[in-house]
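Visitor: I should like to go through this structure with you, one question at a time. Please give the reasoning behind each answer.

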Amino acid sequence: MITDTDVLFLRQAIKLAVEGVENGKGGPFGCVIVRDGVVVGRGCNGVTSTNDPTAHAEIVAIRDACRRLGDFQLTDCVVYTSCEPCPMCLGALYWARPKRVVYAATRHEAAAAGFDDAFIYEEIGLGDGERRIPFEHQPVAGAGELFGLWREKGNRRLY
């Protein structure tokens, strides 16, 4: 259930998106991450200004929040984003494990403005030889053993 507080934080995310566009940082996307009513992470899209295709608002905000909180998971946090997350951000959000994600615009609205991720959603389910970018598996000695090394590590933290 969406609350008035949710709308206030969504407006903050939208404000970050507007500022990012006006300052030439990148696309029209913003994100805030909140824990116990306090913003702990902020981000706006910085893809074109940083030449980083992963600098989406959600990724920037996740990195900011995790750094501030000293943790790689956001289990007690709510993510507010100006637009429905793309496939990359969706994956990152699942890894970060927030308790909720609230978004304002839909991916269809973004697609109408030229930000169409539909082909990525389609590509995810395809096999290596069917994707637009060829993916080729080549086993190399030692690669599989990395997982044994990880399993044997005594002080590992699963994520």
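Visitor: Which residues of the largest nonpolar core touch the most other members?

Guide: The model is a predicted one. Its largest nonpolar core holds 20 residues. Ranked by how many other members they touch, the leading residues of this core are C31, I33, I62 and L74.

Visitor: Which element supplies the largest share of this core?

Guide: At least two residues of the core come from each of β1 (30-35), α3 (57-69), β3 (77-83) and α4. With 6 residues, the largest share belongs to α3.

Visitor: With which residues is L74 in contact, leaving aside neighbours within four places in sequence?

Guide: L74 is among the core residues that touch the most other members. Two of its contacts, I33 and I62, are named in that same group. The full list for L74 is I33, I62, A65, C66, L69, A96, R97, P98 and K99.

Visitor: How many residues does the second, separate core have?

Guide: Nonpolar side chains tend to be buried together in soluble globular proteins. In this model a second core stands separate, and V34, V39, V78 and Y80 are among its members. Its residue count is 10.

Visitor: What pattern do the helices and strands follow along the sequence?

Guide: The protein has 7 helices and 4 strands. Its C-alpha atoms fill a box of roughly 55 × 40 × 30 Å along the principal axes. Read along the sequence, the pattern is α-β-β-α-α-β-α-β-α-α-α.

Visitor: Among contacts between residues at least 6 apart in sequence, what percentage join residues at least 24 apart?

Guide: The protein has 159 residues, of which 33% count as buried. For contacts between residues at least 6 apart in sequence, the share that joins residues at least 24 apart is 48%.

Visitor: Is D6 buried or exposed?

Guide: D6 is found in helix α1 (residues 4-22). Buried means under 20% relative accessible area. Because its relative accessibility is 2%, D6 counts as buried.

Visitor: Which side chain does a polar contact join to that of D6?

Guide: Leaving aside neighbours within four places in sequence, D6 is in contact with M1, Y80, R100 and V102. Of these, Y80 is also included in the second core. The polar contact has a length of 3.0 Å, and the side chain it joins to D6 is that of R100.

Visitor: Why does R68 count as partly exposed?

Guide: R68 is found in helix α3. Partly exposed covers the range between under 20%, which is buried, and over 50%, which is exposed. R68 therefore counts as partly exposed, its relative accessibility being 49%.

Visitor: How far from a polar atom of the side chain of R68 does the backbone oxygen of V40 lie?

Guide: R68 and V40 are 28 residues apart in sequence, yet 6.8 Å apart in space, C-alpha to C-alpha. Not counting residues up to four places away in sequence, R68 touches V40 and R42. From the backbone oxygen of V40 to a polar atom of the R68 side chain, the distance is 3.4 Å.

Visitor: Which element gives the most to the lining of the largest pocket?

Guide: The largest pocket contains about 350 Å³ of space. Elements giving two or more residues to its lining are α2 (47-50), α4 (87-96) and α5 (107-112). With 3 residues, the one that gives the most is α4.

Visitor: Which lining residues lie nearest the centre of the largest pocket?

Guide: The lining divides into 12 nonpolar, 4 polar and 4 charged residues. Out of 20 lining residues, those nearest the centre are F29, H56, C86, F115 and D117.

Visitor: Which residue has its backbone oxygen 3.3 Å from a polar atom of the side chain of Y121?

Guide: Y121, in helix α6 (residues 118-124), is partly exposed, with a relative accessible area of 26%. Y121 touches P85, C86, P87 and R107, not counting residues up to four places away in sequence. Its C-alpha is 8.8 Å from that of C86, although the two are 35 residues apart in sequence. The backbone oxygen at 3.3 Å from the polar side-chain atom of Y121 belongs to P85.

Visitor: What is the volume of the second largest pocket?

Guide: This pocket is lined by F119, I120, E123, I124, R131, R132, I133 and F135. By class, the lining has 5 nonpolar, no polar and 3 charged residues. The volume of the second largest pocket is about 200 Å³.

Terms used:
Residues numbered from 1 in each chain as written. Predicted model: local features only at pLDDT ≥ 70, side-chain atom pairs only at ≥ 80, totals over all residues. Heavy atoms only, no water. Buried < 20%, exposed > 50% of the residue type's maximum accessible area, 1.4 Å probe, protein only. Contact = heavy atoms within 4.5 Å. Polar contact = N/O pair within 3.5 Å; in protein donor to acceptor, adjacent residues only side chain to side chain. 1 Å grid on protein atoms, 1.4 Å probe; cavity = no way out; pocket = protein on both sides within 12 Å on 5 of 7 lines; lining within 4 Å. Points joined across faces, edges and corners; volume = space filled by probe spheres on them. Nonpolar A, V, L, I, M, F, W, Y, C, P; charged D, E, K, R; others polar. Core = buried A, V, L, I, M, F, W, Y, C linked by side-chain atoms within 4.5 Å.
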